[in-house]
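Subject: Structure handover

Hello,

Here is the structure for your work. My notes on it come after the model.

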Amino acid sequence: DASLTPALRHRLDVDAAARGFADLAAGAARALAARVFGDAGLGELAARVCAGPDWRDGSVTASLVATLGDYLEDYRALAEKALFVRVAERVLATAAATVGAVALTLSKTPSSADAARLRTDAADLEAAFTAWGARPAAVAAAVRPLVDIAALIDGPDADSLRLAATSLLTAAPTIPSSMLERLLAARGDLTRAE
């Protein structure tokens with residue numbers, strides 16, 4: 001536009017270039033995170049989440065965190081710090097969403113021990129990714145659904161369950177409400193109205 005001053009035109013060009021680099025970085029972070037979760041060994045680990053004694057004793061989560069750490073170590077050597085942080089945060093979000101999705105489909109009646117394990121899984125993921133340099137707000141947002149699912153499993157009363165469900169649906173709006181209903185119905189200590 002001829003009516004723009006040269007300084008304003010320059011500023012708009014710089015802003016457009018910065019947006020282009022930000023879009024490129026976001027795309028790279030998505031692609032690198034997808035590559036991590038395309039690994040067959042990681043898929044086998046993810047399939048063992050929320051299933052069996054090795055998940056309950058923490059060995060599945062420890063292996064999951066170690067495997068993710070191996071990938072991130074490679075990425076840290078190759079990427080600039082700002083891009084690496086984006087990749088780490090994307091990997092964490094995907095890992096937490098994977099664990100959360102499996103937790104919502106627990107085949108048996110989930111127990112307080114399962115809820116405690118989910119809380120520990122959230123804390124383990126939080127500690128690992130904080131150490132990898134992910135921003136605290138991104139880490140907290142990624143693991144929040146795991147804590148909310150744990151609260152749905154062993155919350156003490158209907159009010160605490162409503163708060164957990166609301167928090168979960170806010171933090172992870174793509175979760176189908178039918179999965180929450182199934183998890184709550186498995187409790188057996190709630191009335192239909194609750």
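Below are the findings on overall layout, helix packing, salt bridges and pockets.

Overall layout

Please keep in mind that this is a predicted model. The protein chain has 9 helices and 0 strands, and its pattern along the sequence reads α-α-α-α-α-α-α-α-α. The C-alpha trace spans about 70 × 40 × 25 Å along its principal axes.

Helix packing

Two packed helices are described by the angle between their axes and the distance between the axes. Two pairs are reported here, and α6 belongs to both.

In the pair α6 (residues 112-131) and α7 (residues 136-154), the axes come within 8 Å and cross at roughly 170°. Angles over 145 degrees count as roughly antiparallel, so α6 is roughly antiparallel to α7. On the α6 side the contact is made by S112, A115, L118, R119, A122, L125, E126, F129 and T130. The residues they meet in α7 are V139, V143, L146, V147, I149, A150, A151, I153 and D154. By class, this contact of α6 with α7 has 13 nonpolar, 2 polar and 3 charged residues.

The other pair is α5 and α6, which pack at an angle of about 175° with their axes 11 Å apart. These two helices are therefore roughly antiparallel to each other as well. From α5, the residues A88, V91, L92, A95, A96, V99 and A103 meet L118, D121, L125 and F129 in α6. The contact of α5 with α6 divides into 10 nonpolar residues, no polar ones and 1 charged. L118, L125 and F129 of α6 appear in the contact with α5 and also in the contact with α7.

Salt bridges

The count comes to 10 salt bridges. One of them joins R135 to E89, with the closest N and O atoms 2.7 Å apart. This pair links distant parts of the chain, 46 residues apart: R135 sits in the loop between α6 and α7, and E89 in helix α5.

Pockets

Rolling a probe the size of a water molecule over the atoms shows where empty space is left. Two pockets are described below.

The largest pocket holds about 330 Å³ of space. Its lining consists of 14 residues, and those nearest its centre are L184, L190, T191, R192 and E194. Two elements give two or more residues to this lining, namely α8 (158-171) and α9 (177-185). The largest share, 5 residues, comes from α8. By class, the lining of the largest pocket has 7 nonpolar, 3 polar and 4 charged residues.

How much space lies in the second largest pocket? The volume of the second largest pocket is about 210 Å³. It is lined by 15 residues, of which A97, P145, A172, T174 and I175 are the closest to its centre. Here the elements that give two or more residues are α5 (81-103) and α7, and α5 gives the most, with 5 residues. The lining of the second largest pocket has 13 nonpolar, 2 polar and no charged residues.

To put the two linings side by side, the largest pocket has 4 charged residues in its lining, whereas the second largest pocket has none. Helix α5 thus appears under three headings: it packs against α6, holds E89 of the R135 salt bridge and lines the second largest pocket.

Regards

Methods
Residues numbered from 1 in each chain as written. Predicted model: local features only at pLDDT ≥ 70, side-chain atom pairs only at ≥ 80, totals over all residues. Heavy atoms only, no water. Axes fitted to C-alpha atoms, helices over the stretch in contact; angles between N-to-C directions. Helix = DSSP H or I, 4+ residues; strand = E, 2+ residues; numbered from the N terminus. Parallel < 35°, antiparallel > 145°, perpendicular 65-115°, else oblique. Contact = heavy atoms within 4.5 Å. Nonpolar A, V, L, I, M, F, W, Y, C, P; charged D, E, K, R; others polar. 1 Å grid on protein atoms, 1.4 Å probe; cavity = no way out; pocket = protein on both sides within 12 Å on 5 of 7 lines; lining within 4 Å. Points joined across faces, edges and corners; volume = space filled by probe spheres on them. Salt bridge = Lys/Arg side-chain N within 4 Å of Asp/Glu carboxyl O.
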